[in-house]
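Please open the structure in the viewer and keep the selection tool at hand. The tour below moves from the whole chain to single residues.

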Amino acid sequence: MSFLYRTRYIQTELGFHERLFVAVLTSKATLNTLAVAVNKTVAHHFPRLLYFTGLRSAKVPHGMVLVAHGDERPIWLMYETMHYIHQHFGSDYDWFYIMQDDTYAQAEQVKALVTHLSINQDVYLGRAEEFIGGDEQARYCHGGFGYLISRSLLLKLHPHLDSCRNEILSVRPDEWLGRCIIDFLGITCVSQLQGQHYHTYELAKNTEPEKEEEEEFQAALAVHPVSDMTLMYRLHKHFSRIQLDRAYQEIQDLQMQIRNLTSLTPAGEAGLTWPVGINAPFLPKSRFEVISWDYFTEQHLFSCPDGSPKCELSGAGKADVSEIIESALEQLNSRYQPLLRFSKRQLLNGYRRFDPTRGMEYTLDLLLEAVTQKGHSHILAKRVSLVRPLSKVEIIPMPYVTEATRVQLVLPLTVQDLDFVANFLDMFAMNTLDTHDNALLTLLFIYHPYDAQRVSQVDVFAGVKAMVGELEKRYAEVKIPWISVKTEVPSQVKLMDIVSKKHPVDTLFFLASVWTEINMEFLNRCRMNTISNWQVFFPVHFQEFNPALVYRGEQTASSSTDFLRDGHFDRYSFAEACFYNSDYMTARTKLAADILDRDEVLESMEVFDVFLHYSGLHLFRAVEPGLVQKYTLRSCNPRLSEELYHRCVLSNLEGLASRSHLAMALFEQEQANST
């Protein structure tokens, strides 16, 4: 049998490359000063940035990726850096930007530059300088202002680097590289290419960035030399302000264009939404889709996460309220000054809600003091509305995983589950064994102490064991082991402790429930959404409603168009989980150190709680349409913790039927009683 394995990403199959790689050359004297300043200002704006130094065993500052070559000679550092870039990144990126740590580069401008250049041309772009005593036509790119090299040029240059190192003598590494490119490839540095200009600015001593008004300075992609960290931060603040002002001006221009064009649309000016350019508010189609408003004051929130009617504002919530009030005052003063100047006396009422189509909406009733130009003051109440729009969506980089990983299913069973085991095993055989999916099953028989004492006479799980034997006869290569446990309180954590010790550390577990219908689609998502030492996956299964309440004697709908219609995603259930054994063992070790010998604490916890409180992993919890469970009334064990028992009861109640179905059932019952 042959298997077809996918490559890592679609872009790999199509031969796509990442856009830009940045290399920063640093030294022993500037690693902990200027290099750190570069890292704190512009590094996070580039998709990939590495620092290169000639130090042998340099202590790397926090948050920086450093490559140490072990030789501080400038030419050797440049040679090793170019060789390293080619070897590790030459096939992954289209453009390579080399700069020094005493250079301030406008990251957004550099990224915009490469988007306007063709990758099919050999490019050596920067601030072109003449060689001392050399050819008048030849130019090299000054290293202090950074320079851009295309992937095609790097690939052609690499075979000649050794010859350049042995044959070309130079004091400056940028001159050495420029001479190498000219001598072996015949390409000279240019400051303008394909209609794009590489603007630079040379800083004078004791420069005040805030006072520089030259157009050349404002348009510069790179500024050099930056003498100290403070100057680097001042430059970053100045250029960030310039970019912010440009963005605000562009927003105003776009809003004006939208206003002018709205009058030409069929809806006319009535179709103009506020704020201009932001999506219109969500319009509910029924009362169940209405987005509720949360009431707050400056000290308290009256819609709390734990369900309590009132809680204190703190942390990010308090900062959010303070910021939105400050923004409201700023907007009012910018609109009415110099005629009026407002100051806040009190927040009378505050309302906010999250609209998924546009962002967070606020309505504030403010008690203000208005002061005129003549100094007269007046107290007034004013209502303002604000929107914090959703920002640009970011793609979070994640480690690569495959769909070929073996999944180890773990199925805990109690006496109450016996009626559902046959259907589970049938679905497991049909969707995994028949399809030769890379999945195994382990059963966990949970005996009550009374049943455990009588197991030699009457084994309550004898029927299940017989079914397993039939499966193993039908599929000769399959073995389904089981583990027997005696307990009155089937704690999910205690059960998982037993299973964990009997499997290798690299095992990918899927903790299932007996009502789960296993299928290949979900198992693949379990593999892809679970990443060792990075992320665990807790799917939210789809629970079908009670057919007696939904259909009331009518035939159950079975067409594909009715899929996921008569049910809901059970957000109270955490029974299903995908995680690696190594991650569980690490989190479990931290839990053991925290609770010491108080094992009774485990009865109030689930595996979800272990990962939430005792691991630094991402917890990915999402609705999973591939996990569909038939309706059944779950047995809630009163010996579990109050929270777990309450959650089980809520799951049963919300799983009965939708509000409309329950209302219809009550209506029919009242009609029957009245007659």
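**The whole chain**

The model on display is a predicted one. Begin with the complete chain in a cartoon view, where 20 helices and 27 strands can be traced. Along the principal axes, the C-alpha atoms occupy a box of roughly 100 × 80 × 55 Å. The radius of gyration is 33 Å, whereas a compact globule of 675 residues would have one near 26 Å.

Next, switch on the surface. The accessible surface amounts to about 37700 Å², and carbon and sulfur atoms contribute 53% of that area. Of the 675 residues, 43% are buried. Among contacts with a separation of 6 or more, 71% join residues that are 24 or more positions apart. If the charged residues are coloured by sign, 64 positive and 83 negative charges appear, and their mean positions lie 3 Å apart.

**An enclosed helix**

Select residues 34-41, which form helix α2. Is this helix largely enclosed or open? Seven of its eight residues are buried, so helix α2 is largely enclosed by the rest of the structure. The buried residues are Leu-34, Ala-35, Val-36, Ala-37, Val-38, Asn-39 and Thr-41. To see what covers them, add the strands β1 (18-25), β2 (49-53) and β4 (93-100) together with α9, which are among the covering elements.

**Aromatic pairs**

Now display the aromatic side chains; the structure holds 31 aromatic pairs. Centre the view on Phe-217 and Phe-239, whose ring centres are 5.1 Å apart and whose planes meet at 45 degrees, so this pair is tilted. Phe-217 belongs to helix α8 (residues 215-218) and Phe-239 to helix α9, so the pair ties together parts 22 residues apart in sequence. Both partners are buried: Phe-217 has a relative accessibility of 0%, and Phe-239 has a relative accessible area of 1%.

Move on to Tyr-336 and Phe-342, an edge-to-face pair with 5.7 Å from centre to centre and 70 degrees between the planes. Here Tyr-336 is partly exposed at 30% relative accessibility, while Phe-342 is buried at 7%.

For the last aromatic stop, select Phe-509, Phe-538, Phe-574, Phe-579, Tyr-584, Phe-608 and Phe-611, which together form one aromatic cluster.

**Backbone details in loops**

Most peptide bonds are trans, and most residues other than glycine have a negative phi. The following stops depart from these habits.

Select Trp-274 and Pro-275, which are joined by a cis peptide bond with omega of about -10 degrees. Pro-275 sits in the loop between α9 (229-262) and β14 (294-296). A cis bond also joins Gln-337 and Pro-338, with omega of about 5 degrees. The loop that holds Pro-338 runs between α10 (315-336) and β17 (340-355).

Which sign does phi take at Gln-194? The value is positive, near 50 degrees, in a residue other than glycine. Gln-194 is in the loop between β10 (192-193) and β11 (196-197), and its relative accessible area of 33% makes it partly exposed.

Finish at His-436, which is not a glycine and yet has a positive phi of about 60 degrees. This residue is placed in the loop between α11 (418-433) and β21 (439-447). With 49% relative accessibility, His-436 counts as partly exposed, because a residue is called exposed when that value is over 50%.

Technical notes. Residues are numbered from 1 along each chain as its sequence is written. Side-chain values use heavy atoms; hydrogens and water are left out. Helices (H or I, at least four residues) and strands (E, at least two) are DSSP runs, numbered from the N terminus. Buried means under 20% relative accessible area, exposed over 50%, partly exposed in between (1.4 Å probe, protein chains only). The radius of gyration is taken over C-alpha atoms; the globule rule is 2.2 Å times the number of residues to the power 0.38. Contact means heavy atoms within 4.5 Å. Accessible areas come from the Shrake-Rupley method with a 1.4 Å probe; for residues, only the protein chains shown count as cover. Lys and Arg count as positive and Asp and Glu as negative; His and the chain ends are not counted. The place of a charge is taken as NZ of Lys, CZ of Arg, CG of Asp or CD of Glu. Rings of Phe, Tyr and Trp (its six-membered ring) pair if their centres lie within 6.5 Å; planes under 30 degrees apart count as stacked, over 60 as edge-to-face and the rest as tilted.
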